[in-house]
Amino acid sequence: MISFCLAIETSCDDTSIAIVDHRGFVHGMVSAHQDLKHAPFGGIVPEVAGRNHLANLLPLLDTLLQKSSVKLEQIEAVAVTNRPGLVGSLIVGIVTAKTLAQTLNKKLIGVNHLEGHILAPFLSDETYAPSFNYSEPFLALAISGGHTSIYQVAGLGDYEVLGSTLDDAAGEAFDKFGKMMGFGFPGGVKVDQVSLGGDVKKYDFPRSMIREDNYMMSFSGLKASAQRLIESMAPEEIRKNERDLCASFQEAIVDILLAKLQRAVEHTGISKIVITGGVSANTRLRERGAAWAKVNSLELLIPPLRYCTDNAAMIGYAGILRINRGEIDDLTMGPSPNSYVKDFKGRGR
Ligand code: KG4
Ligand code: ZN
């Protein structure tokens, strides 16, 4: 059994490094966002992301070690996201992790980023503790910029994909809508902020597949409908109604997500639920999720915002749990743009 793990996350455009223990307690985490570097391009440029990880990572490690009471000598392993993600970005984290593990004689483990998101609600720190444990069966709705899936989780490493989006991820839909509204990149948080107090019923956006008796989701019809509406409006009309436009668009996404979760609850009988990934930071989803859970007597866990979006702590927890059950990687471990086939089971994969 090891106690402390250093973790590195560089799969997309956030550089993050953390120290986590075997209970999932976070002993320090520092992250750097690259939003301003990608904003001029209206989306993430992989080459720019890789170069910025390279510039950010070692200074972040220095800062983390200065801030944390856990010393480098106490750390027994290095966990790093090695899949799925942008290969150029993953390589920066992996090479750094391998160098640290090799030179300091620590264990090494490559972690699936999505497993990290699934376990993120079970992290803890001075101000947050989860209300149930990851080892009890639960349903996980993982919603980010690149992925939107519902998993049935039976324990560590036992993840069945019940259903996924057939096209855009929920975060991607938020970002594209934000772009249409002229909010720049990334638009998701801005849509959330602007929507506050807006009329959720003013614009009737489509909820594709919502009544289908499965867990599949689709957001491209919603996006196209928003595009047509916005193109039909004069710029001043858009500005005048932006709160209502954002609130109505957001409501359609929340409706789809909660309807599919509800279906999963009904079919599986599982009453412990987690909502995780960048989009779980959304204010309206958090509010409506809490209300839905209360009405249906479900136990719902949504991590605090710092563990919703990409972060190294979740990678550290997944890594240390795997190491403590005997898994380990060697220096042949490399990046993969996709999950491994063995990572997930299920038809919706
Ligand atoms: O998990 P994450 O940080 O990165 C990926 O693994 O993709 O998720 C990022 C996504 C982006 O699409 C971003 O716009 C969205 O999460 N997001 C939000 C909010 N905060 C982040 N979407 C809606 N409301 C938010 N408050
Ligand atoms: Zn993510």
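**Pocket, salt bridges and a surface patch**

Reader: By class, how many residues in the lining of the largest pocket are nonpolar, polar and charged?
Author: Happy to help; do keep in mind that this model is predicted. By class, the pocket lining is made up of 14 nonpolar, 19 polar and ten charged residues.

Reader: Which element gives the most to the lining of the largest pocket?
Author: The pocket holds about 1300 Å³ of space. Of its 43 lining residues, the closest to the centre are Asp-13, Ser-144, Gly-145, Asp-175 and Gly-278. The elements that give two or more residues are β3, α5, α6 and α11. With six residues, the top contributor is α5.

Reader: Is Asp-168, the salt-bridge partner of Lys-223, buried or exposed?
Author: Good one to look at in the structure! The closest N and O atoms of Lys-223 and Asp-168 are 2.9 Å apart. This pair links distant parts of the chain, with Lys-223 in helix α7 and Asp-168 in the loop between β8 and α5. Buried means under 20% relative accessible area; Asp-168 has 8%, so Asp-168 is buried.

Reader: Which residues are linked with Arg-207 in a network of salt bridges?
Author: Start with Asp-255, whose salt bridge with Arg-207 has its closest N and O atoms 2.9 Å apart. Asp-255 lies in helix α9, 48 residues from Arg-207. The network links Arg-207 with Glu-251, Asp-255, Arg-284, Glu-287 and Arg-288.

Reader: What accessible area do Val-87, Ile-91 and Val-95 have together?
Author: Ile-91 sits in helix α3 and is partly exposed, at 38% relative accessible area. With Val-87 and Val-95, Ile-91 forms a nonpolar surface patch, and together they have an accessible area of about 210 Å².

Terms used:
Residues are numbered from 1 along each chain as its sequence is written. Chains are lettered from A and ligands numbered from 1 in the order in which they are written. This is a predicted model: local features need pLDDT of at least 70, side-chain atom pairs count only at pLDDT 80 or more; totals for chains, interfaces and linings use all residues. Side-chain values use heavy atoms; hydrogens and water are left out. Patches are made of residues with over 30% relative accessible area and no salt bridge: like charges are joined within 9 Å, nonpolar side chains (Val, Leu, Ile, Met, Phe, Trp, Tyr) within 5 Å. Accessible areas come from the Shrake-Rupley method with a 1.4 Å probe; for residues, only the protein chains shown count as cover. A salt bridge is a side-chain nitrogen of Lys or Arg within 4 Å of a carboxyl oxygen of Asp or Glu. Helices (H or I, at least four residues) and strands (E, at least two) are DSSP runs, numbered from the N terminus. Buried means under 20% relative accessible area, exposed over 50%, partly exposed in between (1.4 Å probe, protein chains only). On a 1 Å grid over the protein atoms alone, a cavity is a set of points where a 1.4 Å probe fits but cannot get out, and a pocket is an open set with protein on both sides within 12 Å along at least five of seven lines; lining residues have an atom within 4 Å of a point. Grid points are joined across faces, edges and corners, and a volume is the space filled by probe spheres set on the points. Ala, Val, Leu, Ile, Met, Phe, Trp, Tyr, Cys and Pro count as nonpolar, Asp, Glu, Lys and Arg as charged, and the others, Gly among them, as polar.
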